[in-house]
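Thanks for coming, everyone. Let me put the structure on the screen, and then we'll go through it.

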Amino acid sequence: MRNRIALIVSCAVAFWVTLLCPASGRESFTPETTIWFDAPATNFTASTPLGNGRLGAMMFGGVTEERIVLNESSVWSGSRQDADRPEAYKVLPEIQKLLLDGKNVEAEALVNANFTCKGSGSNNGTGDSQFGCYQVLGNLRLLFQAATNAPVENYRRELDLKQAVGRVKYSRGGVTFMREMFASAPNQVLVLHLSASRAKAISFEARLDRPERFETASDADNGLLMTGQLDDGLGGTGLRFAARIRVLNRGGNSSVFENILTVKEADEVILLIAAGTDYQGFAGRQNGNPVAATRHDLDLAEMKTYELLRKEHVADYEKYFGRVSLRLKPASPEFVARPTPERILLAQKRGGDPSLAALYFNFGRYLLISSSRPGGFPANLQGIWAEEIHTPWTGDWHLDMNVEMNYWPAEVCNLSELAEPLFALTESMQSPGARTAHDYYNARGWVAHVITNPWGFTSPGEAASWGAAACGSAWLCQHLWDHYLFTQDREFLQRAYPIMKGAAQFYSDLLIAEPTHHWLVIAPANSPENHFEINGKDACICMGPTIMQQLVRYLFGACIESSRILGVDGDFRNDLIAKRARLAPTQIGPDGRIMEWLEPYKEVDPHHRHISHLWGLYPGDEISPFRTPELAQAAGKSLEARGAVPATPAGSGTESVGWSLAHKAALWSRLGNGNYAWRMVCEGLEPAQGMAMRYDGGGGVYPNLFDAAPPFQIDANFGTTAAIAEMLLQSGAGEIRLLPALPDSWTAGSFTGLRARGGFEVSITWKAGQLTSATVRSLYGESCRLLYRDRSVEHRMKRGESITFGPDLKSARNVR
């Protein structure tokens with residue numbers, strides 16, 4: 001046994017001095033930025049998420065035992081593989097001929113036999129294959145040795161969204177205990193600080209474990225080291241991982257024996273936690289020795305005072321989170337003082353609470369900052385937080401809605417840099433995607449289908465019903481072009497254009513002329529995961545489903561404009577212009593709705609969770625109440641038919657999955673119907689209906705505000721954040737619309753810092769449902785056309801100039 005203080009170099013004296021005056025308690029909390037509980041978490045979806053983009057933690061806050069789930073974004077089983085069928089393209093002409101002849105069921109049989117991946121793919125979403133699965137890193141367990149059996153009093157567990165700090169505080173036997181934890185991006189460690197109001201009050205045992213493939217041993221630096229190797233999907237060993245904790249205690253003693261770290265009678269304790277893998281690929285630290293890397297991380301962190309570690313963490317986090325704010329008047333003052341799970345229930349009973357939506361909006365921004373940082377992996381289906389070996393749907397990147405939804409708030413919420421991991425993933429798929437394009441379609445360019453992983457999987461999935469949709473590459477490219485529209489970054493466009501061009505080349509080669517109108521259509525294709533009825537049978541493979549036509553039209557348009565801006569590829573541009581003019585348009589069916597398929601097929605599931613045929617409304621820009629009113633009206637009818645209307649009675653739910661509710665909210669926002677958008681948000685904020693995997697409904701939120709698909713799936717956290725932003729601000733086609741879908745119940749509020757296309761930042765206040773002021777700042781010196789209801793004004797603004805407008809948009813003044 002030894003006292004750690006005697007071993008610390010002299011510079012660490014300041015470390016312990018600052019521990020006597022911890023930073024917690026100095027901040028003022030607001031209901032829009034504080035998630036709190038009056039009890040420890042009993043399960044994962046009630047615990048407190050922390051993250052720095054690479055490292056994640058879920059803090060349960062137990063009194064006698066603290067469980068902290070640990071994550072590292074590259075902890076993936078599986079390995080690189082060739083899942084393409086090398087001569088599948090030889091069957092393509094026959095598939096296309098069958099589709100032209102109206103024999104979709106026969107064409108689908110050929111797709112299932114030839115146009116699925118080689119091997120088991122994701123093995124039905126289990127990850128028990130070479131495709132692999134995102135996995136939990138492990139668990140840090142602290143077993144406390146209480147000096148009394150007295151009851152616990154004044155328990156509070158909270159997540160401070162303004163500073164990205166989790167806290168637990170309670171009293172027992174006259175002693176107040178506090179834990180504070182954060183995930184430091186500058187120092188790449190997790191930091192847990194334990195303190196008490198009485199000396200010698202902190203005693204515990206610490207262990208590191210995970211469900212399989214690990215070994216935990218004592219570490220010479222007064223800590224624990226957990227190491228192991230994951231399954232590569234071939235019966236061998238894959239990625240190596242390491243997790244390491246180090247204890248720094250003031251007072252008392254600390255010791256390590258085998259796999260248990262013991263602290264006895266300490267006054268204060270710091271646990272530093274580092275983790276890593278030897279992943280070598282498109283992202284991450286590119287370190288081949290995670291054992292050495294974690295030691296290095298802890299050595300550097302230990303040389304800093306706790307106050308400095310915390311200060312650097314908060315400064316790094318606030319440079320992102322502080323760009324935007326949102327305040328909405330609560331439905332009732334009593335709501336905001338309640339613990340978050342009670343606020344959720346109260347909002348459901350009262351038909352919604354705007355202040356809870358503001359909290360959820362800020363939580364979405366927090367989650368993106370905490371799970372996606374430049375140089376790292378993109379946020380996956382669960383961000384970076386998982387407690388399982390078999391994470392639902394492998395915790396991968398789904399390309400037919402989900403990973404894109406993760407990044408819907410990035411641009412509008414002023415977090416453009418955080419989309420960089422998505423761009424890196426897209427860029428990395430060009431090489432394997434080119435092989436897939438050749439092997440299946442004999443096409444130029446590159447393609448990605450529905451699922452991907454860190455190993456460069458671009459092949460179709462295991463079944464035609466969902467895995468054959470070749471939509472992923474086009475949808476990912478939309479984010480590249482949209483990033484340029486928001487940032488006007490020409491250097492980025494030079495990087496992005498070749499990626500978009502390669503995708504456009506693929507789709508250009510896949511187009512065929514359908515026989516009725518001679519429109520150009522993508523074939524074979526799917527409307528993601530949906531089916532239709534033809535000749536009395538169910539089918540999913542078809543020609544020219546609406547989403548594919550909209551995606552290709554958008555992609556071709558982006559490439560045409562990019563080539564003009566960059567002054568390159570004139571012949572290619574002209575070819576795209578000609579083909580784009582011949583693409584099958586978005587059609588209105590006999591029932592007045594947007595048609596999901598090229599023909600008015602009968603729907604197998606009229607309330608299907610995907611609303612893919614409205615991609616052109618959101619996130620695309622093809623459908624607009626102002627530019628295409630007939631299509632907009634038809635889109636509204638499509639939403640009504642999908643059940644995306646306010647439930648009766650209020651709060652009874654539309655029986656939809658979480659991410660689908662988020663998409664519906666964004667769609668209604670684009671249509672200018674704030675009340676309907678608000679109802680979708682409210683239903684997405686209702687208590688989740690269990691953890692069992694469902695496709696037909698049960699969406700909502702868990703006690704910690706994680707989204708339920710169910711089970712936990714983070715996309716709706718991000719999608720709803722973006723939908724709320726769309727209710728407040730919309731931009732495109734050279735216009736900025738102020739409060740375009742403001743719900744009646746949002747009587748008063750304000751926001752700052754939202755971004756608009758063209759390079760603008762916008763801040764707005766309103767009262768009694770009416771705009772009171774709007775401040776617009778031009779980042780790049782572009783023309784700005786503002787619209788509010790029936791009013792509009794246009795200004796040519798200088799770079800860096802800010803102008804504040806009154807409610808009539810006519811009284812403007814320069815502000816610096």
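What volume does the largest pocket have? About 1,100 Å³.

First, the ground rules. This is a predicted model, where local features need pLDDT of at least 70, side-chain atom pairs count only at pLDDT 80 or more, and totals for chains, interfaces and linings use all residues. Residues are numbered from 1 along each chain as its sequence is written, and side-chain values use heavy atoms, with hydrogens and water left out.

Now the terms for empty space. We work on a 1 Å grid over the protein atoms alone; a pocket is an open set of points with protein on both sides within 12 Å along at least five of seven lines, a cavity is a set where a 1.4 Å probe fits but cannot get out, and lining residues have an atom within 4 Å of a point. Points are joined across faces, edges and corners, and a volume is the space filled by probe spheres set on them.

Back to the largest pocket. It is lined by 45 residues, and L485, D621, G732, A733 and G734 are the closest to its centre. Which elements give two or more residues to that lining? Helix 14, helix 16 (546–566), strand 27 (729–732), strand 28 (735–738), strand 32 (783–788) and strand 33 (791–796). Helices here are DSSP runs of H or I with at least four residues, strands are runs of E with at least two, and both are numbered from the N terminus. Helix 16 gives the most, with 9 residues. By class, the lining of the largest pocket divides into 17 nonpolar, 12 polar and 16 charged. For the classes, Ala, Val, Leu, Ile, Met, Phe, Trp, Tyr, Cys and Pro count as nonpolar, Asp, Glu, Lys and Arg as charged, and the others, Gly among them, as polar.

Next, the second largest pocket. It holds about 500 Å³. Its lining has 29 residues, with W393, H398, E529, R609 and Y695 nearest the centre. The split there is 11 nonpolar, 13 polar and 5 charged.

On to cavities. How many of 30 Å³ or more does the structure hold? There are 10. The largest cavity contains about 180 Å³ of space. Its lining has 17 residues, and Y407, W408, D482, Y618 and R757 lie nearest the centre. Helix 10 (408–412) and helix 14 (472–487) each supply at least two of the lining residues. Helix 14 has the largest share, 5 residues. So helix 14 appears in the lining of the largest pocket and in that of the largest cavity.

Now the rings. Phe, Tyr and Trp rings, with the six-membered ring taken for Trp, pair if their centres lie within 6.5 Å; planes under 30 degrees apart are stacked, over 60 edge-to-face, and the rest tilted. That rule gives 35 aromatic pairs. One of them, Y440 with Y441, is tilted, at 6.4 Å centre to centre and 45 degrees between the planes. Are these two buried or exposed? Y440 is buried at 0% relative accessibility, and Y441 is buried at 6%. Buried means under 20% relative accessible area, exposed over 50%, and partly exposed in between, with a 1.4 Å probe and protein chains only.

Ring pairs also link F44, Y317, F321, F363, Y366, W385, F706 and F712 into a cluster. The charged end of R365 sits over the ring of F321, 4.0 Å from its centre. R157 does this with F37, also at 4.0 Å. The test is NZ of Lys or CZ of Arg within 6 Å of the ring centre and within 35 degrees of the ring normal.

Two helices to check. Helix 8 (residues 354–371) has 18 residues, which should span 26 Å at 1.5 Å a residue, and its end C-alpha atoms are 26 Å apart. The expected span is 1.5 Å times one less than the number of residues. In helix 8, 18 of 18 residues are buried. Helix 21 has 14 of 14 buried, so it is largely enclosed by the rest of the structure.

Last, the backbone. Most residues other than glycine have a negative phi, and most peptide bonds are trans. A cis bond joins A523 and P524, with omega about 0 degrees. Another joins A709 and P710, at about -10 degrees. P710 is in the loop between strand 26 (707–708) and helix 21. H518 has a positive phi of about 65 degrees, and it is exposed at 51%. N535 has a positive phi near 55 degrees and is exposed at 69%.
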